[in-house]
Amino acid sequence: MIKNKLAILMAENDIRTMIELSSKTGLDKNTISNWYNQKVTRFSAETLEVLCEFFDCQVGDILVYEKDK
């Protein structure tokens, strides 16, 4: 299963709310909510690019593979 580390990145960068991240990145609040709550099943290259730029990281810092239990 592919998961993302958005919540972790937000905490590490002192971003306290999804609305704050939305206003700082220009990403839609619903998009951020879906990422934050692990509801994304298709990963948009555009969204990943915005997040990588904002957090100054690589795609591998955001997405991780975890084996199903």
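The dialogue below goes through helices, loops, salt bridges and a charged patch in a predicted model.

Q: Which residues of helix α2 are buried?

A: The word buried stands for a relative accessible area under 20%. In α2, which spans residues 18–25, the buried residues are L21, S22 and T25. Viewed down the helix axis, these buried residues fall within an arc of 100°, so they line one face of α2.

Q: What does the face of α2 turned away from the buried side carry?

A: Exposed means a relative accessible area over 50%. The face of α2 turned away from its buried side carries I19 and S23, which are exposed.

Q: Which residues are buried in α4?

A: The reading goes as it did for α2. In α4 the buried residues are T47, L48, L51, C52 and F55. Around the axis they cover an arc of only 130°, which puts them on the same side of α4. A45, E46, E49 and E53 are exposed on the other side of α4.

Q: Which residues form the negative surface patch?

A: For a patch of charge, Asp and Glu count as negative. Here the negative surface patch is formed by E46, E49, E53 and D56. Take E53 as one member: its place is in helix α4, residues 45–55. E53 has a relative accessible area of 66%, so it is exposed.

Q: Why can side chains of opposite charge pair?

A: They can pair when their charged atoms come close. For a salt bridge, the cut-off between a side-chain nitrogen of Lys or Arg and a carboxyl oxygen of Asp or Glu is within 4 Å.

Q: How many salt bridges does a search of the whole structure find?

A: The search finds 2 salt bridges. One joins K24 to E20, with the closest N and O atoms 3.2 Å apart. Both K24 and E20 belong to helix α2, and they are 4 residues apart, about one turn of the helix. Another joins R16 to D14, where the closest N and O atoms are 3.4 Å apart.

Q: Are R16 and D14 exposed or buried?

A: R16 has a relative accessible area of 67%, so R16 is exposed. D14 is partly exposed, because its relative accessible area is 48%, and the partly exposed class lies between the buried and exposed cut-offs.

Q: Where does D14 lie, and what is its phi?

A: Phi is a backbone angle, and its sign is the point to read here. D14 lies in the loop between α1 (6–12) and α2. The phi of D14 is positive, about 55°, although D14 is not a glycine.

Q: What is the phi of Q38, and where does Q38 lie?

A: Q38 is a residue other than glycine, and its phi is positive, near 60°. Its place is the loop between α3 and α4. With a relative accessible area of 35%, Q38 is partly exposed.

Q: Where is the place of G26, and is G26 exposed or buried?

A: To read a loop residue, start with the helices on either side. G26 is in the loop between α2 and α3, the latter being residues 29–36. The relative accessible area of G26 is 65%, so G26 is exposed.

Q: What separates the C-alpha atoms of G26 and Y36?

A: Distance along the chain and distance in space are read separately. G26 and Y36 are 10 residues apart along the chain, and their C-alpha atoms are separated by 16 Å.

Terms used. Residues are numbered from 1 along each chain as its sequence is written. This is a predicted model: local features need pLDDT of at least 70, side-chain atom pairs count only at pLDDT 80 or more; totals for chains, interfaces and linings use all residues. Side-chain values use heavy atoms; hydrogens and water are left out. Patches are made of residues with over 30% relative accessible area and no salt bridge: like charges are joined within 9 Å, nonpolar side chains (Val, Leu, Ile, Met, Phe, Trp, Tyr) within 5 Å. Accessible areas come from the Shrake-Rupley method with a 1.4 Å probe; for residues, only the protein chains shown count as cover. The place of a charge is taken as NZ of Lys, CZ of Arg, CG of Asp or CD of Glu. Helices (H or I, at least four residues) and strands (E, at least two) are DSSP runs, numbered from the N terminus. Buried means under 20% relative accessible area, exposed over 50%, partly exposed in between (1.4 Å probe, protein chains only). The arc is that of the directions from the helix axis to the C-beta atoms.
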